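Q: I am new to this structure and would like a close look at a single part of it. Please set that part in its wider context, and tell me how far the model can be read there.

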Amino acid sequence: MFEGLDEVDWASMEHAYGPATEVPDLLRGLVDPDPAVRESALEGMYGTVHHQGDVYECTVATIPLLLEAVAAGSPGRDGVLGLLASYAEVGDGIDDECCREVGAARGLFLGLLDDGDPRVRRAVPPVLRVCGGDARPVVAALRARLPEEGDPEARLAIVESVGALADRKGVDRAGVVAWLAGLTGQDDPVRAASALAQLARLAPAELPADLASPLPALYDADARPEPPAGFPTDAPREREGGFPHRAGLIRDLSTTLDDRVVERIGLLTSLLRSPSREARGDALGPASVLVSRWRGDYRELVALVGDQLDDPATAVRAAKALEHWDELAAPAADALARALDAEQPVAEANRAQSPGPVLRALVGLLDERALPALRRALERPEPPRGIGGLIGAYGPVAADFVPLFRARLRDPRLLWAAGALGGSARLRPWPCRTCWRCRRNPRWWTRSARSARPRRRRLRSCSGCWTTDGRRWSWPPRGRCGA
């Protein structure tokens, strides 16, 4: 295999980081029997020859060699097919040459639809999708293969590729839509869920009334779990049985529904009520995107997200979603308060360097149940980062914090909060006559200092030049104000 590989003048070509002299070793690594070597070589190809989707002269030169590896039945063909699919993404200039060369091998790819390796069968539909030319034979071959395909991930790839090819010239779009609509009523949850996602994009009017009905079956405990990688890896594996790409299916379905907010709310609330922990966890990400981008009545959805704080497996994701919703998180306020009571002792014992998402979410509601936790954080020898902004959000309501501020007026993290407390703080900025920054730079004047004394003329002071009674600091000594 790869005859004449070393005879190519790779040094005359360049990739993202210079001469392409290491390309021969990377190509040999792609077909190495060791899966760890193959993975490393594939990362090297994406990082140099195809860096961030770019195409170079050496990228085009590797296509015949990669096709040779696929035709020879070498190990690692699934990764090679994925690389070729990425090469053939439609573009301009040299990218068109990649499209032509990869598309010329369409017959080779069609012959792999019934390959004995399920990983290869999963990688074939995406590369067929980017091949140029008449797409009708590809659509016909994919539709004919689906009833015989036993691997759920390969079935997902087939349905997604047929849906993507429906917009190509010459393809019977109406026929594809009717075919997808028929899949939504089948017992196979993978076909039904993937067909729903494609229908939402192609023909939303054809969607069934109950979008969530096929989704619970994706989480059946007796379904096939994700296989091991074949070598040591830090990538997380699935904790339960079921279809391994279900989170992506749910995300795609919610995203393609776009402005159909009511349908998206119904889909996600049904998942958040599911007895499956994984189903509830997979709904949190799409729920965060939905609430952040579209207006709607989210009271029930937000309350269900708050309920996930009681489960340690979903609590972190739920808190991170609620953190950014501000007043929209009000239905989950009680759940946040309970979670804060349970979380705070652990955070204090671990000396957390920043306030957690639960505390931030409760502060976003201006809920006074967060004030004791903020006080405890401020009393630490080293307060968490961002604590000043959280306290300052309460304004005069947090006037009881003034004594603590007076003891920490030299901490620049608290200046904004001191100004936000308004007149209740009674903190006065005074000029520093010894600090070289205050003398030479008139802009060395904190916004917090101005807001604390809005009716006084602007004084030049540094972050360490603060008093509480109108007198200058007696410490540190003259010339060392600490700025």
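**Helix H12 and its setting**

A: Of the 483 residues in the protein, 49% are buried, and the chain is arranged as 24 helices and 4 strands. When contacts between residues at least 6 apart in sequence are considered, 64% of them join residues at least 24 apart. The model is predicted, and the protein averages a pLDDT of 79, with 75% of the residues scoring at least 70.

The part to look at closely is helix H12, which covers residues 246–256. Which of its residues are buried? They are Arg246, Gly248, Leu249, Ile250, Leu253 and Ser254. The cover over these buried residues includes four other helices, namely H9 (152–165), H11 (189–202), H13 (261–272) and H14 (277–293).

A caution belongs here, since pLDDT stays under 50 over residues 233–242, although the model has 23 contacts beyond four places in sequence for that stretch. A second stretch, residues 346–350, also has pLDDT under 50 throughout, and for this stretch the model has 4 such contacts beyond four places in sequence. Where pLDDT is low, the predicted coordinates should not be read in detail.

Just after H12 comes Asp258, whose phi is positive, at about 55°. The residue sits in the loop between H12 and H13, and its positive phi occurs although Asp258 is not a glycine. Most residues other than glycine have a negative phi. Asp258 counts as partly exposed because its relative accessible area is 39%, a value that lies between the 20% limit for buried residues and the 50% limit for exposed ones. Another residue with a positive phi is Leu366, which is not a glycine either and has a phi near 55°. Leu366 lies in the loop between helix H18 (357–364) and helix H19 (371–378), and with a relative accessible area of 44% it is partly exposed.

Two of the helices that help to cover H12 can be followed through a residue in each. Helix H11 includes Gln198, which is buried, with a relative accessible area of 11%. Once residues up to four places away in sequence are set aside, Gln198 touches Val159, Glu160, Gly163, Ala164 and Leu180. Helix H14 contains Glu278, and this residue is likewise counted as buried because its relative accessible area is 6%, which is under the 20% limit. Glu278 and Thr314 are separated by 36 residues in sequence, while their C-alpha atoms are 8.6 Å apart in space.

For context from an earlier part of the chain, helices H3, H4 and H7 show how pairs of helices pack in this model. The axes of H4 (residues 77–87) and H7 (residues 118–129) come within 8 Å and cross at roughly 10°, so H4 runs roughly parallel to H7. On the H4 side, the contact is made by Arg77, Asp78, Leu81, Leu84 and Ala85, and on the H7 side by Arg119, Val120, Ala123, Val124, Pro126 and Val127. Sorted by class, the residues of this contact are 8 nonpolar and 3 charged, with no polar ones.

H4 also meets helix H3 (residues 57–71), and here the axes come within 10 Å and cross at roughly 145°. The crossing of H3 with H4 is left-handed. From H3, the residues involved are Thr59, Thr62, Ile63, Leu66, Leu67, Ala69 and Val70, and they meet Arg77, Val80, Leu81, Leu83, Leu84 and Tyr87 of H4. This contact divides into 10 nonpolar, 2 polar and 1 charged residues.

In the loop between helix H2 (35–49) and H3 lies His50, and its relative accessible area of 2% makes it a buried residue. Apart from neighbours within four places in sequence, His50 is in contact with Met45, Val55, Leu83, Ser86 and Tyr87.

To return to the chosen part, H12 has six residues listed as buried, Arg246, Gly248, Leu249, Ile250, Leu253 and Ser254, under a cover that includes H9, H11, H13 and H14, while residues 233–242 have pLDDT under 50.

Technical notes
Residues are numbered from 1 along each chain as its sequence is written. This is a predicted model: local features need pLDDT of at least 70, side-chain atom pairs count only at pLDDT 80 or more; totals for chains, interfaces and linings use all residues. Side-chain values use heavy atoms; hydrogens and water are left out. pLDDT is the predictor's confidence in each residue, from 0 to 100. Contact means heavy atoms within 4.5 Å. Buried means under 20% relative accessible area, exposed over 50%, partly exposed in between (1.4 Å probe, protein chains only). Axes are lines fitted to C-alpha atoms, for helices over the stretch in contact, and angles run from 0 to 180 degrees between N-to-C directions. Angles under 35 degrees count as roughly parallel, over 145 as roughly antiparallel, 65 to 115 as roughly perpendicular and the rest as oblique. Ala, Val, Leu, Ile, Met, Phe, Trp, Tyr, Cys and Pro count as nonpolar, Asp, Glu, Lys and Arg as charged, and the others, Gly among them, as polar. A crossing is left-handed if the near helix is turned anticlockwise from the far one by less than a right angle, and right-handed if clockwise.
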